[in-house]
Every structure is written in structure tokens, then in C-alpha cells.
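Biologist: I would like to learn how to read a structure like this one. Could we go through it feature by feature, beginning with how strands sit beside each other?

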Amino acid sequence: MNIKIITASVRQGRIGPQISKWVLQSIQEKMNNDVEIIDLKEWYLPLDDEPYLPATGKYLQHHTQQWSQKIASGDLFVFVFPQYNWGYPASLKNAVDHLYAEWNDKVALIVSYANRGGGKAADQFQQIITGLHMHNLSGRIEVKLKDLQFNNEEKLIQPSVDLQGYQNMLYDLICEAELLLNNPNPV
Ligand SMILES: Cc1cc2nc3c(=O)[nH]c(=O)nc-3n(C[C@H](O)[C@H](O)[C@H](O)COP(=O)(O)O)c2cc1C
């Protein structure tokens with residue numbers, strides 16, 4: 001199972017990369033899967049330069065073709081995103097809407113974060129996952145910002161006891177994803 005962690009926030013001063021890094025390290029500590037971070041800030045994906053519907057899979061721009069290849073090679077996507085004004089970031093919607101078939105039948109794991117965990121953003125994104133014909137999991141991780149500690153450089157301090165609960169949930173959901181991918185249509 002190839003795992004891709006998508007860092008969705010792209011604003012200057014964002015904390016998203018630190019949270020993605022914590023997810024990456026947590027996975028690498030316990031699991032042997034291929035895992036990488038995809039930072040949306042590093043992907044040039046303009047809103048308006050493809051003439052065909054993404055569902056046709058006909059991409060004229062090199063950056064869209066690269067994006068398509070990158071997403072096609074993943075099995076489980078860990079979407080790491082903050083809550084912005086009760087929703088998820090526009091950068092995330094833009095990135096998913098560039099493609100269609102590449103997401104189909106893959107598994108989505110949500111890691112939202114905000115003052116109270118970003119549940120409203122997660123609710124909204126859960127609908128997008130269904131629309132993309134991805135598999136939802138039985139739970140999701142909502143990180144409350146008060147549970148995280150940053151030092152002066154905004155670097156996440158290594159997981160404290162408080163974060164163990166989030167990590168355990170992450171491991172359970174990854175195991176569930178693996179089962180789902182091995183047996184997508186249980187009787
Ligand atoms: C545009 C914007 C809107 C926000 N809206 C919410 C919100 O609705 N609820 C909340 O708890 N926090 C909200 N916040 C606080 C963010 O969750 C918090 O700043 C978080 O660090 C943002 O993630 P980022 O640093 O990776 O961009 C908002 C922040 C921004 C920039």
C-alpha cells in the first residue's frame with residue numbers, strides 16, 4: 001500500500017507541514033509502507049488552463065499530467081488540512097478537482113486541525129471524498145490545536161503523551177485502509 005500525505009494549506013506561516021511531518025514520522029515509526037508527503041504549495045495547478053473535463057482524463061498541460069501521475073501512484077491518501085471559516089482550504093478543492101479517475105477507489109484518511117479539531121471542514125471534505133468515489137474510513141482524526149506544542153520556529157515538538165491517542169487512531173485507520181484495499185467488496 002502506497003501512502004501519500006497531502007499537505008493542503010499553502011499560506012505563508014502555515015503549520016500544515018509540521019503536522020504532515022508528524023504524521024509521516026508516526027507512520028514510519030510503526031509501519032513499513034511506502035509513504036511520502038505531497039505539499040500542495042510545491043504544485044503549480046492553475047484554476048483555468050485545461051480545456052477538457054477532468055473526468056475525460058485528457059490533460060494538455062505538463063503540470064496536470066505530472067499531478068495525474070503522482071496521484072495515480074497512491075493507494076491511501078492522508079489529507080492533512082486546517083479549518084478555514086468552517087470549511088476546508090480552497091487549495092485542497094482546487095487540487096482534487098484537477099483530476100477525477102486518479103482518485104476513484106482509493107482510500108481517504110482525514111487529519112483535520114483547528115482550535116476544536118476542524119470537524120466542520122472534515123464534514124465538508126467527507127462529501128468530496130464520496131463524490132470522488134473514494135473510500136471513507138470508519139473514523140477520522142481531528143487535531144485540536146491546544147494539544148500541539150510549537151517551539152519558537154513553529155516546529156512541532158515531538159509527540160507528547162497527549163498525541164498518543166491521535167497516533168493510535170492513525171494506526172487503526174491505516175490498518176482499516178489496508179483491509180479495505182485488499183477486499184473492497186466484502187460480502
Ligand atoms: C482564513 C482562516 C480561517 C480560519 N477559520 C477557522 C475556523 O473556522 N475555525 C477554527 O477553529 N480556526 C480557524 N482558523 C485558525 C486555523 O485553524 C489555524 O490558524 C491553523 O493553524 C491554520 O492552518 P495553517 O497554519 O496550516 O494554515 C482560521 C485560519 C485562517 C487562516
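Modeller: Start with the pairing of strands. In this predicted model, strand β3 (residues 76-82) and β4 are paired in the parallel sense, over seven bridges. One of the residue pairs is proline 82 with its bridge partner in β4, tyrosine 113.

Biologist: Which strand pairs with β4 over four bridges?

Modeller: That is strand β5 (residues 141-144), again in the parallel sense. Here valine 111 has isoleucine 141 of β5 as its bridge partner.

Biologist: What do β3, helix α3 and β4 make together?

Modeller: A right-handed β-α-β unit, in which α3 covers residues 90-97. β4, α4 and β5 make a right-handed β-α-β unit as well.

Biologist: How many residues of β4 are buried?

Modeller: Burial is read from relative accessible area, and under 20% counts as buried. Eight of the eight residues of β4 are buried, so the strand is largely enclosed by the rest of the structure. Look at its two faces in turn: Val107, Leu109, Val111 and Tyr113 lie on one side, Ala108, Ile110, Ser112 and Ala114 on the other, and both faces are covered.

Biologist: Which strands pair with β1?

Modeller: β1 runs parallel to strand β2 (residues 34-39), joined by six bridges, and parallel to β3, joined by five bridges. Lysine 4 shows both contacts: its bridge partner in β2 is glutamate 36, and in β3 it stands opposite phenylalanine 77.

Biologist: Is β1 itself, residues 2-7, enclosed or open?

Modeller: Six of the six residues of β1 are buried, so β1 is largely enclosed by the rest of the structure. Asn2, Lys4 and Ile6 point one way, while Ile3, Ile5 and Thr7 point the other way.

Biologist: What links β1 to a helix in a β-α-β unit?

Modeller: β1, α1 and β2 make such a unit, and it is right-handed. Helix α1 (residues 16-30) has 15 residues and reaches 22 Å from its first C-alpha to its last, close to the 21 Å expected at 1.5 Å a residue. Its buried residues include Gly16, Trp22 and Leu24.

Biologist: How far is leucine 24 from lysine 4?

Modeller: Their C-alpha atoms are separated by 9.2 Å, although the two residues are 20 residues apart along the chain. Leucine 24 lies in helix α1 and is buried, with a relative accessible area of 16%.

Biologist: Now the backbone angles. Where does asparagine 85 lie, and what is its phi?

Modeller: Asparagine 85 lies in the loop between β3 and α3. Its phi is near 45°, a positive value in a residue other than glycine. Asparagine 85 is exposed, at 78% relative accessible area. Aspartate 105 also has a positive phi, near 70°. Its place is in the loop between α3 and β4, and at 54% relative accessibility it counts as exposed.

Biologist: Last, the pockets. What is the volume of the largest pocket, and which residues are closest to its centre?

Modeller: The volume of the largest pocket is about 350 Å³. Of the 19 residues that line it, the closest to the centre are Gln83, Ala114, Asn115, Arg116 and Gly118. β4 (107-114) and α4 (119-131) each supply at least two residues of the lining. By type, the lining residues divide into seven nonpolar, seven polar and five charged.

Terms used
Residues numbered from 1 in each chain as written. Predicted model: local features only at pLDDT ≥ 70, side-chain atom pairs only at ≥ 80, totals over all residues. Heavy atoms only, no water. 1 Å grid on protein atoms, 1.4 Å probe; cavity = no way out; pocket = protein on both sides within 12 Å on 5 of 7 lines; lining within 4 Å. Points joined across faces, edges and corners; volume = space filled by probe spheres on them. Nonpolar A, V, L, I, M, F, W, Y, C, P; charged D, E, K, R; others polar. Buried < 20%, exposed > 50% of the residue type's maximum accessible area, 1.4 Å probe, protein only. Pairing = 2+ DSSP bridges. Right-handed = clockwise from strand over helix to strand, strands pointing away. Expected span 1.5 Å × (residues − 1).
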